[in-house]
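User: I have a model open and want to learn how to read it. Take me through it feature by feature.
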Amino acid sequence: MLAALRDRGTGCRAAILTADSPEFDVIETGFDDYVTKPLSQDSLCETIDDMVAREEYASKVEEYHALLAKQAELEADMEQSELITNDEYVALDARTDELRTDLEAANDRLLDDAEFVGTLREVTGEPNADTPEGL
Amino acid sequence: MTELELDTAVQTEQNTYELPDITANTHLERIPAGSNILLSGPPLLGQDRLVYETLARGCRYDQPAIVVSTERRANKVRSRFEDVIDATDLENVYVVDCTGSGKQQFGDDPYVKYVSSPSDLTGIGIGIAKCIRELGDEVESGLRAGLISLTTLLQYADERRVFNFAHVMSQRVAAADYLSLWTINAASHDERTVNTLKSQFEYVAELREGEGGQREMRVLGGPDEWREWRPF
């Protein structure tokens, strides 16, 4: 079922409802998260919140990369003296700094193995059909 | 030395990683915990050796090693360590083998995690997470990881995926106070790609062959950046 869902390329997230606490094994098989039985409203909401937070983190990584790549392009074309007076470059620089600070401040989340692998899956996969590439 | 000074000295020891003697002439001697180092230079100039020696140095401090290898099979990686460390220390050397060639031949091995291909970046992350889980408390005094090489990853996956992978990996290293070293052959990729990737590393050590065939290194980044080329 998970494979069928992925094949459709909807980019939708999938958590599995399990009896015990399987943790890492389940993440390895390709699920984004898991909820342990018995299902409660709280645990379901928490799992959904986690997945939303992960997606937000991942889209920041994507934006960070897109802006750094743009910056590197300008750096290749212009001299240092031109760059510091170029409005586009200065704005990019400010935004990448801001993103770097945000991402570094949130890096504790990656200490959790399931979160770490889930985030990697999110950012190293092919772009979702509904997310425009390059922002 | 007063008690306070002694405390500070111990503290410094714990929050940094000692590098091998071959870097003694550069300023890469002690690196703050949580740092990621990119070793950039042409092939056969000793980047790989620098990674192996840095990881082997960790044995003195009970710091296990994980090597992510894209071209050299796990058994070859582990046998390279046999030359420099004791057999008992080899128990702390783990390999994530993403050459895609070892699994059938060697089967499961507690020290080796197999990944089907260098393009499976999530698989590499899973391999690393599994090694860390198996090490358990062993990583309390630190962990040294080496990835050889980014150049191979860039041949199998596009620049965006590799960047995102490097970002998440390096942030995990930073959050957990580990040390990581990555190798790249900068000449194989366009400058923009290399510059974008470089931004993810606290230190970039560039290697070159200087006049008279002497290997030289310069270090960019860190508190006392050393932009001058030095033999090593």
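User: Where in chain B does pLDDT stay under 50?

Analyst: This is a predicted model, and pLDDT is the predictor's confidence in each residue. In chain B, pLDDT stays under 50 over residues 8–12. For that stretch the model has zero contacts beyond four places in sequence. Read it alongside the whole chain: the mean pLDDT of chain B is 87, and 88% of its residues reach 70 or more.

User: What ipTM and pTM does the model score?

Analyst: Both come to 0.89.

User: How many helices and strands does each chain have?

Analyst: Chain B has eight helices and 11 strands. Chain A has six helices and two strands. Read from the N terminus, the elements of chain A go α-β-α-β-α-α-α-α.

User: What share of each chain is buried?

Analyst: Buried means under 20% relative accessible area. By that cut-off, 55% of the 232 residues of chain B are buried. For chain A, with 135 residues, the figure is 37%.

User: And what is the accessible surface of each chain?

Analyst: For chain B, about 10,200 Å², with 45% belonging to carbon and sulfur atoms. For chain A, about 7,700 Å², with 51% on carbon and sulfur.

User: What share of the contacts joins residues at least 24 apart?

Analyst: Take contacts between residues at least 6 apart in sequence. In chain B, 66% of these join residues at least 24 apart. In chain A, residues 24 or more positions apart account for 49% of the contacts with a separation of 6 or more.

User: Now the interior. Which residues have the most contacts inside the largest nonpolar core?

Analyst: A nonpolar core links buried nonpolar residues through their side-chain atoms. The largest one here has 95 residues. Those with the most contacts inside it are B:Phe81, B:Ile124, B:Leu150, B:Phe165 and B:Trp182. Helix H5 of chain B, residues 121–135, gives the largest share of this core, with eight residues.

User: Take one of them. Which residues does B:Phe165 touch?

Analyst: Leave out residues up to four places away in sequence. From chain B, B:Phe165 then touches B:Leu121, B:Ile124, B:Gly125, B:Leu147, B:Leu153 and B:Trp182. From chain A, B:Phe165 touches A:Leu120 and A:Thr124.

User: Next, the surface. Which residues form the nonpolar patch?

Analyst: Look for nonpolar side chains with accessible area, then see which elements supply them. The patch is made of A:Leu17, A:Leu39, A:Leu44, A:Ile48 and A:Val52, with about 410 Å² of accessible area together. Helix H3 of chain A, residues 41–77, gives the most, with three residues. A:Ile48 lies in that helix. Why can A:Ile48 count towards a patch? Patch residues need over 30% relative accessible area, and A:Ile48 is partly exposed at 44%.

User: How many salt bridges does the whole structure have?

Analyst: A search over all chains finds 20. For each pair, check the N to O distance, the sequence separation and the burial of both partners.

User: Start with A:Arg95. Which residue is its salt-bridge partner?

Analyst: A:Glu63, with the closest N and O atoms 3.0 Å apart. The pair links distant parts of the chain: A:Arg95 is in helix H5 (residues 87–105) of chain A, A:Glu63 in helix H3 of chain A, 32 residues apart. A:Arg95 is partly exposed, at 27% relative accessibility. A:Glu63 is partly exposed too, at 21%.

User: What separates A:Arg100 and A:Asp97 along the helix?

Analyst: About one helical turn, because they are three residues apart in helix H5 of chain A. Their side chains meet in a salt bridge, at 2.9 Å from N to O. A:Arg100 is partly exposed at 26%, and A:Asp97 is partly exposed at 36%.

User: Last pair. Is A:Glu115 buried or exposed?

Analyst: Buried, at 10% relative accessibility. A:Glu115 meets A:Arg109 in a salt bridge, 2.9 Å from N to O. A:Arg109 is partly exposed, at 23%.

User: Which residues are linked with them in a network of salt bridges?

Analyst: A:Asp33 and A:Arg54 join A:Arg109 and A:Glu115 in that network.

How values were computed:
Residues numbered from 1 in each chain as written. Chains lettered and ligands numbered in written order. Predicted model: local features only at pLDDT ≥ 70, side-chain atom pairs only at ≥ 80, totals over all residues. Heavy atoms only, no water. Patch = residues over 30% accessible without salt bridge, like charges linked within 9 Å, V, L, I, M, F, W, Y side chains within 5 Å. Areas by Shrake-Rupley, 256 points an atom, 1.4 Å probe, with all protein chains shown as cover. Salt bridge = Lys/Arg side-chain N within 4 Å of Asp/Glu carboxyl O. Helix = DSSP H or I, 4+ residues; strand = E, 2+ residues; numbered from the N terminus. Buried < 20%, exposed > 50% of the residue type's maximum accessible area, 1.4 Å probe, protein only. Core = buried A, V, L, I, M, F, W, Y, C linked by side-chain atoms within 4.5 Å. Contact = heavy atoms within 4.5 Å. pLDDT = per-residue confidence, 0-100.
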